Amino acid sequence: MADSENGGAAKRLKTDAENDCGDAGEPVSDSLVSDFEISRILRDCAREKNIFIHGKVKDQDAVLILEKTPIRQDTLSELLKSSQLKLEMKNDVYSTYQLQAPAHLNEIKTTVVCPATEKHVKKYLHQEVFLVEESGEDYRNLTLPYISSQCFSVQWVHNILGKKAEADRIVFEDPDPDTGFVLLPDFKWDQKQLQDLYLIAIVHRKDVKSLRDLTSEHLPLLTNIRSKGEDAIQRQYSVPPSKLRVYLHYQPSYYHLHVHFTSVEYDAPGCRVERAHLLSDVIQNLQTDSSHYHNRSLAFPLRADDGLLLKFKEAGKV
(Lines give C-alpha, C1' and ligand atoms only; values in the text may rest on other atoms or scores of the structure.)
Protein backbone atom coordinates (compact mmCIF):
# COMPACT_ATOMS: atom_id res chain seq x y z
CA MET A 1 0.00 0.00 0.00
CA ALA A 2 1.27 3.49 -0.64
CA ASP A 3 2.85 5.21 2.33
CA SER A 4 0.99 5.72 5.36
CA GLU A 5 1.87 7.63 8.35
CA ASN A 6 -1.05 5.77 9.85
CA GLY A 7 -0.45 2.73 7.74
CA GLY A 8 -2.93 3.85 5.11
CA ALA A 9 -6.65 3.24 4.94
CA ALA A 10 -8.49 1.76 1.99
CA LYS A 11 -12.04 1.98 0.78
CA ARG A 12 -11.87 -1.81 0.75
CA LEU A 13 -10.68 -4.10 3.53
CA LYS A 14 -7.07 -5.02 2.99
CA THR A 15 -4.79 -7.35 4.91
CA ASP A 16 -1.11 -6.56 5.45
CA ALA A 17 0.23 -10.02 4.59
CA GLU A 18 3.27 -9.45 2.40
CA ASN A 19 2.32 -11.75 -0.45
CA ASP A 20 -1.45 -11.38 -0.25
CA CYS A 21 -2.19 -9.18 -3.22
CA GLY A 22 -5.54 -8.09 -4.57
CA ASP A 23 -7.20 -5.49 -6.72
CA ALA A 24 -9.73 -2.82 -5.84
CA GLY A 25 -13.32 -3.95 -6.24
CA GLU A 26 -12.64 -7.57 -5.41
CA PRO A 27 -15.24 -9.17 -3.09
CA VAL A 28 -14.15 -9.17 0.55
CA SER A 29 -15.33 -11.06 3.58
CA ASP A 30 -17.36 -9.14 6.16
CA SER A 31 -15.94 -11.55 8.75
CA LEU A 32 -12.76 -9.45 8.92
CA VAL A 33 -14.84 -6.92 10.84
CA SER A 34 -17.72 -8.95 12.26
CA ASP A 35 -15.30 -11.53 13.71
CA PHE A 36 -12.99 -8.86 15.13
CA GLU A 37 -12.61 -9.29 18.90
CA ILE A 38 -11.59 -6.01 20.57
CA SER A 39 -8.68 -6.18 23.02
CA ARG A 40 -7.86 -2.51 23.56
CA ILE A 41 -7.94 0.94 21.98
CA LEU A 42 -4.47 1.87 20.78
CA ARG A 43 -5.23 5.46 19.84
CA ASP A 44 -8.17 7.69 18.93
CA CYS A 45 -8.43 11.26 17.74
CA ALA A 46 -11.65 13.26 17.82
CA ARG A 47 -10.16 15.97 15.55
CA GLU A 48 -9.10 13.53 12.84
CA LYS A 49 -12.16 11.33 13.46
CA ASN A 50 -10.27 8.03 13.56
CA ILE A 51 -9.65 5.19 15.98
CA PHE A 52 -7.01 2.44 16.08
CA ILE A 53 -8.06 -0.85 17.72
CA HIS A 54 -6.00 -3.90 18.69
CA GLY A 55 -7.76 -7.26 18.70
CA LYS A 56 -8.01 -10.66 17.08
CA VAL A 57 -9.58 -12.13 13.96
CA LYS A 58 -9.94 -15.91 14.18
CA ASP A 59 -7.14 -16.16 16.77
CA GLN A 60 -4.77 -13.95 14.76
CA ASP A 61 -3.58 -10.62 16.16
CA ALA A 62 -5.01 -7.74 14.15
CA VAL A 63 -5.22 -3.96 14.07
CA LEU A 64 -8.43 -2.31 12.87
CA ILE A 65 -8.37 1.35 11.77
CA LEU A 66 -11.67 3.19 11.37
CA GLU A 67 -11.84 6.70 9.91
CA LYS A 68 -14.81 8.86 9.01
CA THR A 69 -14.65 9.91 5.38
CA PRO A 70 -14.80 13.62 4.45
CA ILE A 71 -18.07 15.18 3.34
CA ARG A 72 -18.10 15.32 -0.45
CA GLN A 73 -19.25 18.43 -2.30
CA ASP A 74 -20.71 16.41 -5.17
CA THR A 75 -23.13 14.57 -2.86
CA LEU A 76 -24.16 17.52 -0.66
CA SER A 77 -27.53 18.01 -2.32
CA GLU A 78 -28.44 14.32 -1.96
CA LEU A 79 -27.15 14.32 1.64
CA LEU A 80 -29.36 17.24 2.65
CA LYS A 81 -32.47 15.96 0.88
CA SER A 82 -32.31 12.33 2.04
CA SER A 83 -31.13 12.68 5.67
CA GLN A 84 -33.16 12.89 8.86
CA LEU A 85 -32.60 15.47 11.60
CA LYS A 86 -32.85 14.91 15.33
CA LEU A 87 -32.97 18.11 17.39
CA GLU A 88 -30.42 18.35 20.22
CA MET A 89 -30.66 21.99 21.27
CA LYS A 90 -32.36 25.25 20.22
CA ASN A 91 -31.59 28.69 21.62
CA ASP A 92 -32.64 31.87 19.82
CA VAL A 93 -31.22 31.70 16.25
CA TYR A 94 -28.96 28.76 17.07
CA SER A 95 -29.92 25.09 16.88
CA THR A 96 -27.93 21.87 16.74
CA TYR A 97 -29.01 18.50 15.36
CA GLN A 98 -27.85 14.97 14.81
CA LEU A 99 -28.05 14.37 11.07
CA GLN A 100 -28.73 10.76 10.17
CA ALA A 101 -27.45 10.23 6.64
CA PRO A 102 -28.21 7.30 4.32
CA ALA A 103 -25.69 4.48 4.63
CA HIS A 104 -24.07 5.08 1.23
CA LEU A 105 -23.32 8.69 2.25
CA ASN A 106 -22.03 7.75 5.69
CA GLU A 107 -19.12 5.43 4.95
CA ILE A 108 -16.27 4.61 7.30
CA LYS A 109 -12.89 4.04 5.68
CA THR A 110 -11.51 0.79 7.12
CA THR A 111 -8.06 -0.77 7.22
CA VAL A 112 -7.33 -4.23 8.60
CA VAL A 113 -3.77 -5.28 9.40
CA CYS A 114 -3.87 -9.06 9.87
CA PRO A 115 -1.86 -10.86 11.01
CA ALA A 116 -0.44 -7.93 12.97
CA THR A 117 3.01 -8.14 14.52
CA GLU A 118 4.14 -6.48 17.74
CA LYS A 119 5.76 -3.79 15.58
CA HIS A 120 2.40 -3.01 13.96
CA VAL A 121 0.74 -2.69 17.36
CA LYS A 122 3.47 -0.41 18.71
CA LYS A 123 3.30 1.70 15.56
CA TYR A 124 -0.32 2.63 16.22
CA LEU A 125 -0.12 2.89 20.02
CA HIS A 126 -0.19 6.42 21.42
CA GLN A 127 3.25 7.29 22.76
CA GLU A 128 5.19 10.23 24.15
CA VAL A 129 7.31 11.84 21.41
CA PHE A 130 10.90 13.13 21.60
CA LEU A 131 12.80 15.30 19.11
CA VAL A 132 16.21 13.84 18.23
CA GLU A 133 19.04 15.66 16.46
CA GLU A 134 21.14 13.24 14.42
CA SER A 135 24.55 14.21 13.03
CA GLY A 136 26.06 12.47 10.02
CA GLU A 137 28.27 10.54 12.41
CA ASP A 138 25.25 9.56 14.53
CA TYR A 139 23.58 8.20 11.41
CA ARG A 140 26.57 6.01 10.55
CA ASN A 141 27.24 4.86 14.13
CA LEU A 142 23.72 4.59 15.58
CA THR A 143 20.88 4.84 13.05
CA LEU A 144 22.24 2.83 10.12
CA PRO A 145 23.33 -0.18 12.27
CA TYR A 146 19.93 -0.12 13.97
CA ILE A 147 18.05 0.00 10.66
CA SER A 148 20.20 -2.82 9.28
CA SER A 149 19.51 -5.00 12.33
CA GLN A 150 15.72 -4.68 12.08
CA CYS A 151 13.33 -6.58 9.82
CA PHE A 152 11.68 -3.62 8.11
CA SER A 153 9.94 -5.39 5.26
CA VAL A 154 9.24 -3.46 2.06
CA GLN A 155 7.84 -6.47 0.19
CA TRP A 156 4.58 -4.58 -0.34
CA VAL A 157 6.59 -1.86 -2.13
CA HIS A 158 8.18 -4.49 -4.38
CA ASN A 159 4.68 -5.86 -5.06
CA ILE A 160 3.62 -2.43 -6.35
CA LEU A 161 6.75 -1.95 -8.46
CA GLY A 162 6.36 -5.45 -9.90
CA LYS A 163 2.62 -4.93 -10.64
CA LYS A 164 1.73 -7.80 -8.29
CA ALA A 165 -0.52 -5.50 -6.28
CA GLU A 166 -2.32 -2.18 -6.76
CA ALA A 167 -1.46 -1.98 -10.47
CA ASP A 168 -4.91 -0.54 -11.12
CA ARG A 169 -4.16 2.38 -8.79
CA ILE A 170 -1.02 3.61 -10.56
CA VAL A 171 -1.62 7.09 -11.97
CA PHE A 172 1.71 7.39 -13.80
CA GLU A 173 4.88 5.37 -14.32
CA ASP A 174 8.31 6.12 -15.69
CA PRO A 175 9.90 2.66 -16.08
CA ASP A 176 13.50 3.86 -16.31
CA PRO A 177 15.53 1.75 -13.80
CA ASP A 178 17.67 4.71 -12.68
CA THR A 179 15.39 7.74 -12.79
CA GLY A 180 11.95 6.11 -12.99
CA PHE A 181 9.15 5.79 -10.45
CA VAL A 182 5.50 4.93 -10.02
CA LEU A 183 2.96 7.49 -8.81
CA LEU A 184 -0.18 6.36 -7.00
CA PRO A 185 -2.66 7.71 -4.43
CA ASP A 186 -1.84 7.26 -0.78
CA PHE A 187 -4.53 5.33 1.09
CA LYS A 188 -5.13 8.31 3.35
CA TRP A 189 -6.78 9.97 0.33
CA ASP A 190 -10.14 8.56 -0.75
CA GLN A 191 -9.87 10.38 -4.13
CA LYS A 192 -13.30 11.96 -3.76
CA GLN A 193 -12.13 15.57 -3.30
CA LEU A 194 -8.96 17.51 -4.06
CA GLN A 195 -8.58 19.40 -0.77
CA ASP A 196 -6.80 16.41 0.80
CA LEU A 197 -5.04 15.17 -2.37
CA TYR A 198 -2.19 12.81 -1.44
CA LEU A 199 -0.04 10.77 -3.82
CA ILE A 200 3.24 8.91 -3.40
CA ALA A 201 6.07 8.54 -5.91
CA ILE A 202 8.01 5.30 -5.28
CA VAL A 203 11.34 4.99 -7.08
CA HIS A 204 12.27 1.89 -9.07
CA ARG A 205 15.79 1.90 -7.65
CA LYS A 206 16.16 -0.37 -4.63
CA ASP A 207 19.53 0.93 -3.42
CA VAL A 208 18.32 4.23 -1.89
CA LYS A 209 16.75 3.92 1.55
CA SER A 210 16.26 7.52 2.61
CA LEU A 211 17.35 11.15 2.44
CA ARG A 212 20.70 10.18 3.98
CA ASP A 213 21.67 8.14 0.90
CA LEU A 214 21.15 10.98 -1.56
CA THR A 215 24.06 12.67 -3.37
CA SER A 216 24.37 14.75 -6.52
CA GLU A 217 24.35 11.44 -8.43
CA HIS A 218 20.63 11.24 -7.65
CA LEU A 219 19.74 14.71 -8.99
CA PRO A 220 18.41 13.32 -12.31
CA LEU A 221 16.13 11.00 -10.32
CA LEU A 222 14.84 13.77 -8.05
CA THR A 223 14.29 16.34 -10.79
CA ASN A 224 12.52 13.69 -12.88
CA ILE A 225 10.17 12.85 -9.99
CA ARG A 226 9.38 16.52 -9.47
CA SER A 227 8.74 17.44 -13.10
CA LYS A 228 6.93 14.30 -14.25
CA GLY A 229 5.06 13.87 -10.98
CA GLU A 230 3.75 17.44 -11.09
CA ASP A 231 2.84 17.07 -14.79
CA ALA A 232 0.97 13.82 -14.16
CA ILE A 233 -1.02 15.32 -11.29
CA GLN A 234 -1.92 18.39 -13.34
CA ARG A 235 -3.12 16.19 -16.22
CA GLN A 236 -5.02 13.74 -14.03
CA TYR A 237 -6.50 16.08 -11.41
CA SER A 238 -6.07 19.62 -12.88
CA VAL A 239 -4.03 20.62 -9.82
CA PRO A 240 -1.09 22.90 -10.75
CA PRO A 241 2.38 22.62 -9.14
CA SER A 242 1.72 25.83 -7.18
CA LYS A 243 -1.02 23.96 -5.29
CA LEU A 244 1.25 21.04 -4.30
CA ARG A 245 3.50 20.37 -1.34
CA VAL A 246 6.23 17.96 -2.53
CA TYR A 247 8.52 16.54 0.14
CA LEU A 248 10.42 13.62 1.66
CA HIS A 249 10.20 12.34 5.23
CA TYR A 250 13.14 11.83 7.53
CA GLN A 251 12.96 9.44 9.24
CA PRO A 252 10.77 7.75 6.62
CA SER A 253 8.03 5.32 7.59
CA TYR A 254 9.66 2.69 5.32
CA TYR A 255 13.17 2.43 3.94
CA HIS A 256 12.68 2.63 0.19
CA LEU A 257 12.98 6.12 -1.27
CA HIS A 258 9.62 7.76 -1.92
CA VAL A 259 8.32 11.30 -2.34
CA HIS A 260 5.04 12.74 -1.05
CA PHE A 261 2.76 14.94 -3.19
CA THR A 262 -0.01 16.59 -1.14
CA SER A 263 -2.36 19.50 -1.52
CA VAL A 264 -1.07 22.62 0.24
CA GLU A 265 -4.54 22.88 1.77
CA TYR A 266 -4.15 19.53 3.52
CA ASP A 267 -2.44 19.35 6.91
CA ALA A 268 -1.13 15.87 6.14
CA PRO A 269 0.46 13.72 8.86
CA GLY A 270 4.22 14.28 8.85
CA CYS A 271 4.16 17.48 6.78
CA ARG A 272 5.58 19.66 9.56
CA VAL A 273 9.12 20.99 9.78
CA GLU A 274 10.46 18.36 12.18
CA ARG A 275 9.97 15.61 9.60
CA ALA A 276 9.27 16.97 6.11
CA HIS A 277 11.98 18.17 3.69
CA LEU A 278 10.74 19.97 0.57
CA LEU A 279 11.98 18.27 -2.59
CA SER A 280 12.96 21.63 -4.07
CA ASP A 281 15.20 22.29 -1.03
CA VAL A 282 16.72 18.82 -1.27
CA ILE A 283 17.57 19.37 -4.94
CA GLN A 284 19.15 22.77 -4.25
CA ASN A 285 21.16 21.44 -1.30
CA LEU A 286 22.59 18.60 -3.40
CA GLN A 287 23.39 20.97 -6.26
CA THR A 288 25.44 23.03 -3.80
CA ASP A 289 27.05 20.14 -1.92
CA SER A 290 26.89 16.50 -3.05
CA SER A 291 27.56 15.30 0.54
CA HIS A 292 25.01 17.60 2.18
CA TYR A 293 22.81 14.83 3.57
CA HIS A 294 25.76 12.62 4.47
CA ASN A 295 27.18 15.25 6.81
CA ARG A 296 24.53 17.67 8.08
CA SER A 297 22.54 17.20 11.27
CA LEU A 298 18.89 16.27 10.81
CA ALA A 299 16.21 16.51 13.49
CA PHE A 300 13.26 14.12 13.62
CA PRO A 301 10.66 12.89 16.14
CA LEU A 302 10.82 9.47 17.78
CA ARG A 303 8.17 7.79 19.90
CA ALA A 304 9.01 6.62 23.40
CA ASP A 305 8.83 2.95 22.40
CA ASP A 306 11.10 3.32 19.35
CA GLY A 307 14.22 1.17 19.64
CA LEU A 308 16.24 3.87 17.87
CA LEU A 309 15.43 6.32 20.68
CA LEU A 310 16.97 3.84 23.13
CA LYS A 311 20.16 3.79 21.05
CA PHE A 312 20.38 7.57 21.18
CA LYS A 313 19.74 7.57 24.94
CA GLU A 314 22.42 4.95 25.52
CA ALA A 315 24.85 7.11 23.53
CA GLY A 316 23.96 10.14 25.65
CA LYS A 317 22.43 11.98 22.70
CA VAL A 318 18.99 12.53 24.26
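Here is a short conversation between a visitor and a guide about this predicted model.

Visitor: Let's start with helix 4. How far apart are its end C-alpha atoms, and does that agree or disagree with the expected span?

Guide: Helix 4 runs over residues 136-149, which makes 14 residues. At 1.5 Å a residue, the helix should span 20 Å. The model agrees with that, as the end C-alpha atoms are apart by 19 Å.

Visitor: Where does helix 4 bend, and which proline follows?

Guide: The bend is about 35 degrees, and its place is T143. T143 is also among the buried residues of helix 4, as are L142 and Y146. Within four residues of the bend comes the proline, P145.

Visitor: What covers the buried residues of helix 4?

Guide: The residues to be covered are G136, D138, Y139, L142, T143, Y146 and I147. An α-helix has 3.6 residues a turn, so residues three or four places apart point the same way. The cover over the buried residues of helix 4 includes strand 7 (129-134), helix 8 (292-295) and helix 9 (307-314).

Visitor: Now the cysteines. Why is C45 not bonded to the closest cysteine sulfur?

Guide: A disulfide needs two cysteine sulfur atoms within 2.5 Å. For C45 the closest cysteine sulfur belongs to C271, and that is too far for a bond. C271 is likewise in no disulfide, with C45 supplying its nearest cysteine sulfur. The distance between the two sulfurs is 14 Å.

Visitor: Is C271 buried or exposed?

Guide: Buried means under 20% relative accessible area. C45 has 23%, so C45 is partly exposed. C271 has 15%, so the word for C271 is buried.

Visitor: Which residues does L302 contact, leaving aside its neighbours within four places in sequence?

Guide: L302 belongs to strand 14 (residues 298-303), and its relative accessible area of 4% makes it buried. L302 and F130 are 172 residues apart in sequence, yet their C-alpha atoms are 5.3 Å apart in space. With those sequence neighbours set aside, the contacts of L302 are E128, V129, F130, V132, L308 and L309.

Visitor: With which side chain does the side chain of Q193 make a polar contact?

Guide: Q193 sits in the loop between strand 9 (181-185) and strand 10 (198-203). Its relative accessibility is 11%, so Q193 counts as buried. Not counting residues up to four places away in sequence, Q193 touches P70, I71 and R72. The polar contact, at 2.8 Å, is with the side chain of D190.

Visitor: Which residue does the UniProt annotation "active site" cover?

Guide: The annotation comes from an unreviewed UniProt entry, and such annotations may be inferred rather than shown by experiment. In the model, the annotated residue lies in strand 12 (residues 258-263) and counts as buried at 4% relative accessibility. The residue covered by "active site" is H258.

Visitor: How far is the backbone oxygen of H256 from a polar atom of the side chain of H258?

Guide: One partner here is a backbone atom, the oxygen of H256. The other is a polar atom in the side chain of H258. Their separation is 2.7 Å.

Visitor: What is omega for the cis peptide bond that joins Y250 and Q251?

Guide: A cis peptide bond also joins C114 and P115, with omega about 0 degrees, and P115 is in the loop between strand 6 (108-113) and helix 3. Q251 is in the loop between strand 11 (244-249) and strand 12. For the bond joining Y250 and Q251, omega is about -10 degrees.

Visitor: What is phi of D92?

Guide: D92 lies in the loop between strand 4 (84-91) and strand 5 (94-100), and its relative accessible area of 64% makes it exposed. Phi of D92 is positive, though the residue is not a glycine. The value is near 60 degrees.

Visitor: And K58: is it buried or exposed?

Guide: K58 lies in the loop between strand 2 (50-57) and strand 3 (60-68). Though not a glycine, K58 has a positive phi of about 50 degrees. Its relative accessibility is 60%, so K58 counts as exposed.

Methods. Residues numbered from 1 in each chain as written. Predicted model: local features only at pLDDT ≥ 70, side-chain atom pairs only at ≥ 80, totals over all residues. Heavy atoms only, no water. Helix = DSSP H or I, 4+ residues; strand = E, 2+ residues; numbered from the N terminus. Expected span 1.5 Å × (residues − 1). Bend = angle between axes of the 7 residues up to and from the residue. Buried < 20%, exposed > 50% of the residue type's maximum accessible area, 1.4 Å probe, protein only. Contact = heavy atoms within 4.5 Å. Polar contact = N/O pair within 3.5 Å; in protein donor to acceptor, adjacent residues only side chain to side chain.
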